Amino acid sequence: MTVDVDALERWIRGFAGLVAANRELLTQLDSAIGDADHGVNMDRGMTAVVAALDSVQPASAAALGPAPPASAAALLKQVGMTLVSTVGGASGPLYGTFFLRMATAAGDVTAATGTGAALDGPAFAKALRAGLEGVVARGKAEAGDKTMYDALAPAVDALDDALAAGAPLGEALRRATRAAEAGRDATIPMRARKGRASYLGERSVGHQDPGATSSALLIAAAAAAVAEGRR
Amino acid sequence: MKKLINDPADVLAEALRGIAAAHPELRVDHQHKIIYRGDAPVRGKVGLVSGGGSGHEPLHGGFVGTGMLDAACAGEVFTSPVPDQMLAATTQVDGGAGVLHIVKNYTGDVMNFEMAAELAAETGVDVVAVVTDDDVAVQDSLYTAGRRGVGVTVLVEKIAGAAAEQGRGLGEVADVARRVNANGRSMGVALTSCAVPAAGAPTFDLPQTEMEIGIGIHGEPGRQRVPLAPARQIAEYLLDPILGDLDFTGGDGVIAFVNGMGGTPLIELYLMYNEVVTILDKAGVQVARSLVGPYITSLEMAGCSVTLLRVDDELVRLWDAPVRTPALRWGL
């Protein structure tokens with residue numbers, strides 16, 4: 001089971017769909033402890049990402065328009081650059097850096113193994129971890145700060161653990177999704193220490209973090225994309 | 001919430017068209033949503049670039065012009081602009097003396113300006129960033145994103161802009177900007193919330209009988225909700241934490257800035273200014289200069305903020321220096 005360019009594209013399109021479907025929820029969560037724009041901003045960004053994917057021509061008509069990204073790294077880089085350029089706020093640099101670091105890691109793996117465009121399970125997990133490390137480098141968040149890190153980090157840990165225990169990638173991503181969702185829910189009692197919610201101090205307690213919520217959707221979309229590929 | 005808009009999605013683009021039409025002395029890049037001084041880049045002058053989410057007008061676009069900013073990058077409402085915008089603005093205004101980024105301390109703004117500065121460095125432009133963080137409502141800074149940048153940002157843009165106009169170098173202009181930030185403190189109050197056009201509804205509910213103390217400029221809730229009080233009492237709520245945070249007595253006094261949040265009429269701002277100077281007088285704080293009006297707003301939010309800036313002779317001279325922008329204009 002590998003994650004090829006098609007699977008990555010399914011992931012990205014799936015995430016865009018989940019963001020659009022949860023746009024109001026994300027904005028509502030952000031109204032409580034932030035500035036009411038997370039759903040709108042992420043939806044604008046992912047809509048632009050999908051538009052960039054749609055603008056490429058099928059290989060047979062390559063001469064008529066831009067060719068589709070040929071490798072995992074190229075696709076992830078395009079997603080990251082588009083998010084950095086269109087989302088704004090804190091989410092733009094954070095999600096953008098996540099995909100750009102994933103792209104670098106994916107490029108290193110495919111160059112080293114000569115596997116071309118596809119990532120195997122451990123390589124995909126490694127790329128996700130590189131993305132997570134990028135989020136930490138950019139946002140300086142730690143566990144318990146009530147940020148997207150609190151959903152992403154447990155998910156990446158769970159994915160590594162499941163793969164190490166011999167689980168197939170599909171099952172490992174399902175476990176990662178459950179970990180992300182548990183991490184998201186665990187942000188509710190936390191007191192925010194990063195971002196705009198931190199200004200509220202104790203008043204941020206009792207609210208689910210919007211960034212952790214969108215990050216849980218990101219992992220769920222990956223699980224769905226890989227599951228779909230197996231059918 | 002009733003608004004003078006067409007489509008919520010077009011608010012920023014259409015407002016920029018209006019700014020371009022009203023101020024032909026400025027140049028507006030509609031694609032990148034950047035407002036430029038008409039004569040940028042000014043050769044040999046340090047370029048000043050600021051920017052941030054929209055909805056705070058006249059900040060920042062209204063402060064572009066001689067003696068203040070060279071370019072302002074407009075983000076979506078309450079959303080930081082993106083690095084592409086800041087990079088474009090930075091390369092466009094560099095007159096060979098480098099570029100100062102004036103960044104309000106919000107997580108998104110800081111990260112996007114950081115990414116832009118990294119990209120600008122690759123193109124060989126000298127960039128120094130100064131982050132404003134004057135809001136005393138945010139305490140406990142180890143456990144927060146740090147103090148927010150609010151009212152002092154206007155004063156930094158004016159004073160650093162004057163220093164740049166005199167032909168000072170990038171390091172010196174940045175030092176002036178940092179000095180203004182370090183000597184400025186602010187605190188705000190909201191009587192009502194505000195509605196982001198795309199959301200359509202107020203960001204938070206504030207009953208008729210209550211007000212929110214310690215708000216920022218994004219409709220985010222403040223630190224404390226208290227019963228509505230007379231202006232005299234509100235002035236105390238705002239000034240007590242400011243005066244408790246920094247000694248404003250002695251020296252050459254302060255620039256006292258009463259800022260409207262967008263929905264409060266000027267008559268009430270002047271009434272508040274009267275309360276502010278009464279308290280300052282009692283506290284032995286001398287007022288060197290004043291600024292009263294809506295300069296850094298939060299859409300249609302009712303309320304105000306107070307900023308005090310401790311000044312010396314040099315800062316007063318830079319404050320008095322000529323400026324010609326849509327929102328601040330004197331001496332030219």
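1. Start where the two chains meet: 26 residues of chain A are in contact with 31 residues of chain B. Here "in contact" means that the C-beta atoms of two residues, placed from the backbone, lie within 7 Å. Keep in mind that this is a predicted model, where local features need pLDDT of at least 70, side-chain atom pairs count only at pLDDT 80 or more, and totals for chains, interfaces and linings use all residues. Residues are numbered from 1 along each chain as its sequence is written, while chains are lettered from A and ligands numbered from 1 in the order in which they are written.

2. Which helices of chain A supply at least two residues each to the side that touches chain B? They are helix 2 (23–33), helix 3 (38–54), helix 4 (72–86) and helix 5 (91–113). Helices are DSSP runs (H or I, at least four residues), numbered from the N terminus. Helix 4 of chain A gives the largest share, 3 residues.

3. As for residue classes, that side of chain A has 12 polar, 7 nonpolar and 7 charged residues. Ala, Val, Leu, Ile, Met, Phe, Trp, Tyr, Cys and Pro count as nonpolar, Asp, Glu, Lys and Arg as charged, and the others, Gly among them, as polar.

4. Now look inside chain B, which splits into domain 1 (10–183) and domain 2 (184–310); the bounds come from an automatic or database domain assignment. Taken over C-alpha atoms, the centres of these two domains of chain B are 23 Å apart. Their contact takes 22 residues from domain 1 and 29 residues from domain 2.

5. On the domain 1 side of that contact, helix 4 (152–165) and helix 5 (170–182) of chain B are the elements giving two or more residues. Helix 4 of chain B has the largest share, 4 residues. By class, this side has 12 nonpolar, 6 polar and 4 charged residues.
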